[in-house]
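Biologist: Could you take me through this structure? I have not looked at it before, and I would like to ask questions as we go.

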Amino acid sequence: MKETTDWQSFANLDIRVGTITKAEPFTKARKPAYILHINFGEEIGIKKTSAQITKLYQPEDLIGKQIVAIINFPNKQIANIQSECLVLGAVDGDAVTLLQPERQAENGLPIG
């Protein structure tokens, strides 16, 4: 377990629902990964990121899948792309199960 945090630290995270619109192998990454393009709705737009989710998912299966991501971390350079968000998942070694809304939700809706 990690150390206890406070409500304000959690409240500072901007966690949103988005839909994956494009997924492709990230050949320049050190560990197997995909480049994901995620639509967070009209207000936020499309953000891209690198996700090490190759163990359980194929790129073609990710298109149209809704996910949950943190969108207010600073951008991070990963090989030749700027990662603009952090996709959330349950991590079991190198197998990551994406967190998803239980039913279809509007892109950009906040998680709280």
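Biologist: Which residue does Ile 38 stand opposite in β3?

Modeller: Ile 38 stands opposite Lys 47 there. Please keep in mind that this is a predicted model.

Biologist: How many bridges join β2 to β3, and how do the two strands run?

Modeller: Six bridges join β2 to β3, and the strands run antiparallel. The two form a hairpin with six residues between them. In that turn, Gly 41 has a positive phi of about 90 degrees.

Biologist: What is the bridge partner of Ile 38 in β1, then?

Modeller: That is Ile 20, which has Ile 38 as its bridge partner in β2. Strand β1 covers residues 15-25 and strand β2 covers residues 34-39, and six bridges join them in the antiparallel sense. Another pair between these strands is Ala 23 with Leu 36.

Biologist: Is β2 largely enclosed or left open?

Modeller: Five of the six residues of β2 are buried, so the strand is largely enclosed by the rest of the structure.

Biologist: His 37 caught my eye. Which residues does His 37 touch?

Modeller: His 37 lies in strand β2. Setting aside residues up to four places away in sequence, His 37 touches Thr 19, Ile 20, Thr 21, Lys 22, Glu 24, Ile 46, Lys 47 and Lys 48. As for a residue far along the chain, Pro 110 is 73 residues from His 37, and their C-alpha atoms are separated by 18 Å.

Biologist: What does β1 pair with besides β2?

Modeller: β1 also pairs with strand β4, residues 66-70, in the antiparallel sense over five bridges. Within that pairing, Ile 15 stands opposite Ile 70 in β4.

Biologist: In what order do the strands of this sheet come?

Modeller: The order is β3-β2-β1-β4-β7, an open sheet of five strands with antiparallel pairing. At the edges are β3 (46-51) and β7 (86-87); each has a single partner strand, so one side of each is left without a neighbour in the sheet.

Biologist: And what holds paired strands of a sheet to each other?

Modeller: In general, strands of a sheet pair through backbone hydrogen bonds, in a parallel or an antiparallel manner.

Biologist: Let me move to β8. Which strand is β8 joined to?

Modeller: Strand β8, residues 89-92, is joined to strand β9, residues 95-98, by four bridges, and the two run antiparallel. Val 91 has Val 96 as its bridge partner in β9. The hairpin of β8 and β9 has two residues between the strands, and Gly 93 takes a positive phi near 65 degrees there.

Biologist: Which residue other than glycine has a positive phi?

Modeller: Ala 79 is one, with phi near 50 degrees. That is worth a remark because most residues other than glycine have a negative phi. Ala 79 lies in the loop between β5 (76-78) and β6 (81-83). With a relative accessible area of 44%, Ala 79 is partly exposed.

Biologist: Where is Gly 64 found?

Modeller: Gly 64 is in the loop between α2 (59-62) and β4. Gly 64 counts as partly exposed, at 48% relative accessibility. Apart from neighbours within four places in sequence, Gly 64 is in contact with Thr 19 and Ile 20. Pro 32 is 32 residues from Gly 64 along the chain, and the C-alpha atoms of the two are separated by 21 Å.

Biologist: Now the whole protein. How many helices and strands does the protein have?

Modeller: There are two helices and nine strands. From the N terminus on, the elements run α-β-β-β-α-β-β-β-β-β-β.

Biologist: What radius of gyration does the protein have, against a compact globule?

Modeller: The protein has 14 Å, which agrees with the value near 13 Å for a compact globule of 112 residues. Along the principal axes, the C-alpha atoms fill a box of roughly 40 × 35 × 25 Å.

Biologist: What share of the residues counts as buried?

Modeller: Of the 112 residues, 37% count as buried. The protein exposes about 7,400 Å², and carbon and sulfur atoms supply 50% of that area. Among contacts with a separation of 6 or more, 59% are between residues 24 or more positions apart.

Biologist: Finally, how many positive and negative side chains are there?

Modeller: There are 12 positive and 13 negative side chains, and the centres of the two sets lie 7 Å apart.

Definitions and conventions. Residues are numbered from 1 along each chain as its sequence is written. This is a predicted model: local features need pLDDT of at least 70, side-chain atom pairs count only at pLDDT 80 or more; totals for chains, interfaces and linings use all residues. Side-chain values use heavy atoms; hydrogens and water are left out. Two strands pair if DSSP finds at least two bridges between them. The radius of gyration is taken over C-alpha atoms; the globule rule is 2.2 Å times the number of residues to the power 0.38. Buried means under 20% relative accessible area, exposed over 50%, partly exposed in between (1.4 Å probe, protein chains only). Contact means heavy atoms within 4.5 Å. Accessible areas come from the Shrake-Rupley method with a 1.4 Å probe; for residues, only the protein chains shown count as cover. Lys and Arg count as positive and Asp and Glu as negative; His and the chain ends are not counted. The place of a charge is taken as NZ of Lys, CZ of Arg, CG of Asp or CD of Glu.
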